[in-house]
Amino acid sequence: MEAELASLAASGATTLVGLMVSETWTQARDRVARFFSRSGDGGSAEEELRLSRQELLATRESGDELAAADIEAGWRTRLRRALQDDPEAAEELRSMLSELAAGPVGGSTVSVHNSISGGVQHGPVFQGQSFSGLTFNTPGTAPPGHGAGAE
């Protein structure tokens, strides 16, 4: 059972640190703080989460991967202790991780990698997630409403 809790704590710490630098951090932070409030240290957890995020953002800018790993290790230890103190918290942590991994309700987080290769490109390149109402015209054709017979 100890190995299972350690694995869950490691997964939780990795997810937590990843969320700290994401757009969904505010929602995740509130959920994580509620998790720690089970044991009565929700207030200190909120402050530690805030400080950890600031430090993590600074380490990302400076490229200090060791410091980022230290932050994750600290949260892994804290989660493991919380699980050891209250084994029933494991189910709540699993549920929270599942919800946070699912992303924001009503939206999704998508990673996109685009590569353009094969020589010189003579045309527009659009990068994004959702496009609508785009019209691409080829040479010799007029856009809708601009061709022969258009008023």
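Reading from the N terminus, the elements of the chain go α-α-α-α-α. That makes five helices and zero strands in what is a predicted model. Of the 151 residues in the chain, 24% are buried. The chain exposes about 10300 Å², and carbon and sulfur atoms supply 50% of that area. As for how the chain folds back on itself, residues 24 or more positions apart make up 70% of the contacts that have a separation of 6 or more.

What holds the middle of the picture is a nonpolar core, the largest one, with 28 residues. Within this core, Phe35, Phe36, Leu49, Trp75, Leu83 and Leu93 have the most contacts. At least two core residues come from each of α1 (2-20), α2 (25-36), α3 (42-62), α4 (65-85) and α5 (89-102). The largest share belongs to α1, which supplies eight residues.

Now for the helices themselves, starting with α1. This helix has 19 residues and reaches 27 Å from its first C-alpha to its last, close to the 27 Å expected at 1.5 Å a residue. Its buried residues are Leu5, Leu8, Ala9, Gly12, Ala13, Leu16, Val17, Leu19 and Met20. Looking down the axis of α1, these buried residues fall within an arc of 160 degrees, so they line one face of the helix.

Next along the chain comes α2, with 12 residues and a reach of 16 Å between its first and last C-alpha, close to the 16 Å expected at 1.5 Å a residue. Here the buried residues are Trp25, Ala28, Arg31, Val32, Ala33, Phe35 and Phe36. Two of these names, Phe35 and Phe36, also appear among the core residues with the most contacts.

Helix α3 can be followed through one of its residues, Thr59. With a relative accessibility of 6%, Thr59 counts as buried, because the cut-off is under 20%. Setting aside residues up to four places away in sequence, Thr59 touches Asp64, Ala67 and Ala68. Asp64 turns up again at the start of α4, where one of its side-chain oxygens reaches to within 3.4 Å of the backbone nitrogen of Leu66.

For α4, the 21 residues should span 30 Å at 1.5 Å a residue, and the end C-alpha atoms are indeed 30 Å apart. Buried in this helix are Ala67, Ala68, Ile71, Trp75, Arg78, Leu79, Ala82 and Leu83. They cover an arc of only 160 degrees around the axis, which puts them on the same side of α4. On the other side of α4, Glu65, Leu66, Asp70 and Arg81 are exposed.

Two core residues show how the helices meet. Leaving out neighbours within four places in sequence, Leu83 is in contact with Leu5, Leu8, Ala9, Phe35, Ala89, Ala90 and Leu93. The last of these, Leu93, lies in helix α5. At 0% relative accessibility, Leu93 counts as buried. Apart from residues up to four places away in sequence, Leu93 touches Leu8, Phe35, Leu79 and Leu83. The C-alpha atoms of Leu93 and Gly12 are separated by 7.5 Å, although the two residues are 81 residues apart along the chain.

Notes:
Residues numbered from 1 in each chain as written. Predicted model: local features only at pLDDT ≥ 70, side-chain atom pairs only at ≥ 80, totals over all residues. Heavy atoms only, no water. Core = buried A, V, L, I, M, F, W, Y, C linked by side-chain atoms within 4.5 Å. Buried < 20%, exposed > 50% of the residue type's maximum accessible area, 1.4 Å probe, protein only. Helix = DSSP H or I, 4+ residues; strand = E, 2+ residues; numbered from the N terminus. Contact = heavy atoms within 4.5 Å. Areas by Shrake-Rupley, 256 points an atom, 1.4 Å probe, with all protein chains shown as cover. Expected span 1.5 Å × (residues − 1). Arc of directions from axis to C-beta. Polar contact = N/O pair within 3.5 Å; in protein donor to acceptor, adjacent residues only side chain to side chain.
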